[in-house]
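Welcome! Please take a look at the sequence and the 3D structure below before reading on.

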Amino acid sequence: GTLGNVEHGNQYQIKLMYEHNLQRTACNMTYGPFGGVKGRDMICIQSMDGMLMLFEQESYAFGRFLPGFLLPGPLTYSSRTDSFITVSSCQQVESYKYQVLAFATDADERQETEQQKLTSGKRLMVDWVLNIGEQALDICVVSFNQAVSSVFVLGERNFFCLKDNGQIRFMKKLDYSPSCFIPYCSVKEGTINTLIGNHSKMLNVYQDVTLKWAAQLSHIPVSVRVANLQDLKGVIVTLSDSGHLQCSYLGTDPSLFQAPRVDSREINYEEFDAEMKELQKIIREATKTQDILPKSEKHRDLIVTAEVSPDLDAESQAIDSEVKAEAVPSVTVKITIQSRVTAQKPNLAVCVQAPLAVTCDQFIFDDLEPDSSETVVLSVFLKGNCSPSELEGNCLVSYTTPTGIPKVAQCNFRLPLRLICFPAQPSKAANHKLTIDTNKPPISFLTIFPDFVDPSENDQANVLGFQFLTGSKTTLLASKTSQRYRIQSDQLEDLWLITKELTLRLEEHFKKQNCKDFACTFSGSIPLQEYFELIDRHFELRLNAEKFQELLSERAVQFRAIERRLLTRFKDKTPAPLQHLDTLLEGTFREVIALADAAEENQANMFQAFTKLKCATHLLIMLISLWQKLSTDQVAILEATFLPLAEDTQELGWEETVDASISYLLRTCLSKSSKEQALTLSSELCMPKDTSRLKKNITLFCDRLAKGGRLSISTDSATQQSAVMPGGCATIPESDLEERMVIPGSTGTLPNHGHITKQKSKP
C-alpha cells in the first residue's frame, strides 16, 4: 500500500504470492480457517466432476469426491460448525464436517479395488441433510452480534433460512425468479436483513420474511454486495452478466456536500445591491415566458434525416411477405446521422406501422466524434396481407452526451403510394363513393399523379385506377365541369389512403403555385352504417378470441387431469389396465392443438380487422374535419378520441376506450344540459357485451356536431353551455337516441349554424 496524497485515498498494488495449476475444471470455491486453524485461511475448490480440492497456502493438502455426485452446486464454509455446506443434484442441502473429509478415503486412491479402499480410509459420511425440492442458486452463512448463526439458501422459487443443524428457521416463497442475494445486517434483535435481486431488474429488501423495500435497477444483477466507500456507508454494489459494476443506494440522494469555512470579511453593500439587481433582472426575464416545455435549441447537437428514394427498388428486398401478389415492391430509405458533438453509444431505431416492415429496424454505432456522420440504408415493404393505415415512418436516435445526459433526436418520413398499390384499369361500379369539393378548378391527374398516369393516355387524365397489392381496387375521378373529385371502392377502408394522398398532393401542388386560399370541403353524408359494420366485425373477432381462451383453458385442465391419472397408473407397482386413458390423452392433445391453431388464425384476422378499422376511422376523422372545417387543435382532439390505441389487446380494446372518450366529450364540451354534466363516468374500462352503446354515442356525437357543438378541452361549463346551443338550433331529443342521424347533404339537411372552434378556458 502507498499513502495517497489526494482525496481518493490510499493506493494499492496487488502482487502474486503463489498459484496452483488445477488438474480438474473448477466450478466454484470457498475459504476459511478449516479445522479451527488460527491466523490463516485455507482454500477449498469444487471441480465440475464433484471433487473437493483443499489447499494450504502454497501446498495442496488433499482431495475428496462427494458421494452420489452428478452436477456441482453452490458451496460455502461454516466456521461455527467447521463444515462445508452444498446443495446436491438431489435438490437437498448437505453438510460435511472438515474432520470427516480429512480422514475419508483419498481421491487419488479411488481407482483402487474395494478392499484397498476400505483399508485406506473411512467412507465420506454426510453430517446432516435437508430436502428443499429445488435447485439452489447460492448459499451464505452469516452470524451477526444480535442474531443467531444462520445458513441462508436461495432457491429457484424459495428462500430458506436454516439453523446450524439443518433445521428450518423460516422460508419465504418468492413470486419472481431470483438471480442473487446477500444477507447484510441485523437492524432489529433476532432478525436479519437480506437483499435479493431478480431477473425483472428489481432489488428487494427483506427483514426475515417481510418485504421492506423494493428498488428498480438498470440491469439484471448476478452478484450483489453491501460496501462502505470512504464516507458513503451502505453502498449497494451490483454486477451485471455483461460485466458492468454499479454502485447505488436506496432512498434519497446522500448529502456529500460539506460547506466550506466562511472567512470573516467586511460586507460591501454596493456590490450586493448590484448583484441583487442583476439576479432580479434574470428572474423577470425567466418568468415572462409561459411555456412549460423547454424551447428547442437552434443548433441541435445531433441531427437525423431520412431520404426516401423516389423510385421503387429494381430488385425487391421484401422478405417473408404474406402478400399473395406476384411481386411485392420495396423502397429504399437512406438515414443520415450528423453529430456536432461527441455522441456516445448512439442507437438508431426505425419504426413503421404494421403490416409494413423494414429489412432492419435497429442499428448500434460506435461513439460519434464531433462533426462526423453515419449513413445507413434499409428497405421498407408490405409484409402483412392487408393495407396499412399510415404510409409514414419514424427514425429515432438515442445517445448520451460526454457529460452523461441522455438525449433523443428523431425525424419522420413519408412512404410512396406505389409501395402498396399500382396503376390499374378504372372501375365504374363501386359500393362506396365519396365526393370531395374544392375551391379551385380540377387539376389533371398527369400533374398530381405522374407516377400512376401514362403520359400517352391523355384521354384518361381525369380518371385513375389503383390496384392494391392485397387485391382490392379503388377508382379516382375528377369532374370536368365542377370543382369536385370522386373516390369510389368496394371496401370503405380502401378509400382512406387514396383520399389522403389526393388532398396532400393537391395541397402541395397549390403551395408550389403560391396559392394560399386552397381548401377542401365535404358536404356528403358521413358513412356511419358502413363504419359500424367494421366495428361489429372487429368486436366479433374479439369475442371469438375470448371464447378460444376459455376453451383452451378447459382443455388444458382436462389434459393435465388425464396426465395425472396416467402417471398414477404407470407408478403403480401392480399393473392395471389403462381403460383408454391413452386414447383420451391423445384426443385431448389434438383438441388443444386444433384450438391453438384456430386462436392463432383468429388473432391474425383480428389484426387485419383492426387495421381496416383504423383506416376507416382515419377516413371518418378526415370527413368530419372537412365537413365542419375543424382547426388543427380540434382534429387532434378527434384523433385522440377515435384513435387512442396503437395496438389492440384483450385487456384494453378499441371499443371500450373510444366509448369512454366519446362519453367524456358528450358529458363536457358537447353536453346539452347541466343534467348531462352531472353524470359520472365509470373509472374502470372493461370489454362491453355488445357495440350498441358505442354506436349510439358515435351517432349522438356526430348529431351534436351537426347542430353546432364545439370541440374543446375546456372545463368552463357555463361558457360551453352558451357555446353548445347557438340561436335557432333545435334541441336534440334525449329519449330517442336511436333516431336516424341526419347529416348535411342528405335528406332533411340540418342547418349548419357555426363551425367548430376551440374553446379557451379562463385562467
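Here is a short tour of its sheets, aromatic rings and salt bridges.

This is a predicted model, in which local features need pLDDT of at least 70, side-chain atom pairs count only at pLDDT 80 or more, and totals for chains, interfaces and linings use all residues. Residues are numbered from 1 along each chain as its sequence is written, and side-chain values use heavy atoms, with hydrogens and water left out. Searching the whole structure turns up 20 aromatic pairs and 18 salt bridges.

**Sheets**

- Helices (H or I, at least four residues) and strands (E, at least two) are DSSP runs, numbered from the N terminus. Two strands pair if DSSP finds at least two bridges between them.
- One open sheet has 4 strands with antiparallel pairing, in the order β5-β6-β7-β8. Its edge strands, β5 (75–78) and β8 (128–131), each pair on one side only.
- Within this sheet, β6 (residues 83–87) and β7 (residues 92–97) run antiparallel and are joined by 5 bridges. Phenylalanine 84 has tyrosine 96 in β7 as its bridge partner.
- Another open sheet of 4 strands, also with antiparallel pairing, follows the order β13-β14-β15-β16. Here the edge strands are β13 (178–185) and β16 (210–216), each pairing on one side only.
- Strand β13 is joined to the antiparallel strand β14 (residues 193–198) by 6 bridges. The bridge partner of proline 183 in β14 is threonine 194.

**Aromatic rings**

- Rings of Phe, Tyr and Trp (its six-membered ring) pair if their centres lie within 6.5 Å; planes under 30 degrees apart count as stacked, over 60 as edge-to-face and the rest as tilted.
- Among the 20 aromatic pairs, phenylalanine 159 and phenylalanine 170 meet edge-to-face, at 6.5 Å centre to centre with 65 degrees between the planes. Phenylalanine 159 belongs to strand β11 (residues 158–162) and phenylalanine 170 to strand β12 (residues 168–173), so the pair ties together parts 11 residues apart in sequence.
- Buried means under 20% relative accessible area, exposed over 50%, and partly exposed in between (1.4 Å probe, protein chains only). Phenylalanine 159 is buried because its relative accessible area is 0%, and phenylalanine 170 counts as buried at 14%.
- Phenylalanine 510 and phenylalanine 518 are stacked, because their ring centres are 4.5 Å apart and their planes lie at 20 degrees. Both of these residues are buried.
- One aromatic cluster is made up of Phe34, Phe62, Tyr77, Phe84 and Tyr98.

**Salt bridges**

- A salt bridge is a side-chain nitrogen of Lys or Arg within 4 Å of a carboxyl oxygen of Asp or Glu.
- Arginine 80 and aspartate 164 form one with an N to O distance of 2.7 Å. This pair links distant parts of the chain, 84 residues apart: arginine 80 is in the loop between β5 and β6, and aspartate 164 in the loop between β11 and β12. Arginine 80 counts as exposed, at 60% relative accessibility.
- Glutamate 501 and arginine 414 form another salt bridge (3.3 Å, N to O). Glutamate 501 lies in helix α5 (residues 495–512) and arginine 414 in strand β27 (residues 406–414), so the pair ties together parts 87 residues apart in sequence.
- Which is buried and which is partly exposed, glutamate 501 or arginine 414? Glutamate 501 is buried at 6% relative accessibility, whereas arginine 414 is partly exposed at 33%.
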